[in-house]
Amino acid sequence: MQSWTGEMWQAALIGLVVGVIIGYLLLRLTKGSVKKQVKTEAELQQVKNELGTQKQQLEKHFAESAELLKTLAQDYQKLYRHLASSSTAMLPELADKALFTQNLIVHNNEPDENTAQNKDGQPRDYSEGSSGILKAEK
């Protein structure tokens, strides 16, 4: 075996110091990115949780709103029926004028009278007559 001289010990020591410095710098650089990655993942998870909570609140809100609108429509139908029956009972002389007719109440199963349909039952996809620039002047 060969004995180490002072220059060899000096080169080894310099290599060790340079290796420690490079290792420290690499650790410092990667540690920051790891922290950022962990922080970003935590923020992402928090945003996902908030989004899920918000989605549940929206679903609950719209379900409750739909139920309230349904109740409101039913109450208006009850009010209309009450007014119709009361008008015939209290004003028998106007019974032939039909102030309140039952065909005005639209049930969920029946189609609306205002929908544009031709005699074949097919919906029309055009307007009555011409309109716009090509409209005939009268």
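**Exercise 1.** Locate Leu25 in the secondary structure of this predicted model, and decide whether Leu25 is buried, partly exposed or exposed.

*Solution.* Leu25 lies in helix H1, which covers residues 6-90, where a helix is a DSSP run of H or I with at least four residues, numbered from the N terminus. Its relative accessible area is 46%, and because buried means under 20%, exposed over 50% and partly exposed in between (1.4 Å probe, protein chains only), Leu25 is partly exposed. Residues are numbered from 1 along each chain as its sequence is written. Local features need pLDDT of at least 70 in this predicted model.

**Exercise 2.** Which span should the 85 residues of H1 have at 1.5 Å a residue, and how far apart are its end C-alpha atoms?

*Solution.* The expected span is 1.5 Å times one less than the number of residues, which gives 126 Å for H1. The end C-alpha atoms are 124 Å apart, in agreement with that value.

**Exercise 3.** Which residues of H1 are buried?

*Solution.* Tyr80, Ala84, Ser86 and Ser87 are buried in H1.

How values were computed
This is a predicted model: local features need pLDDT of at least 70, side-chain atom pairs count only at pLDDT 80 or more; totals for chains, interfaces and linings use all residues. Side-chain values use heavy atoms; hydrogens and water are left out. Helices (H or I, at least four residues) and strands (E, at least two) are DSSP runs, numbered from the N terminus.
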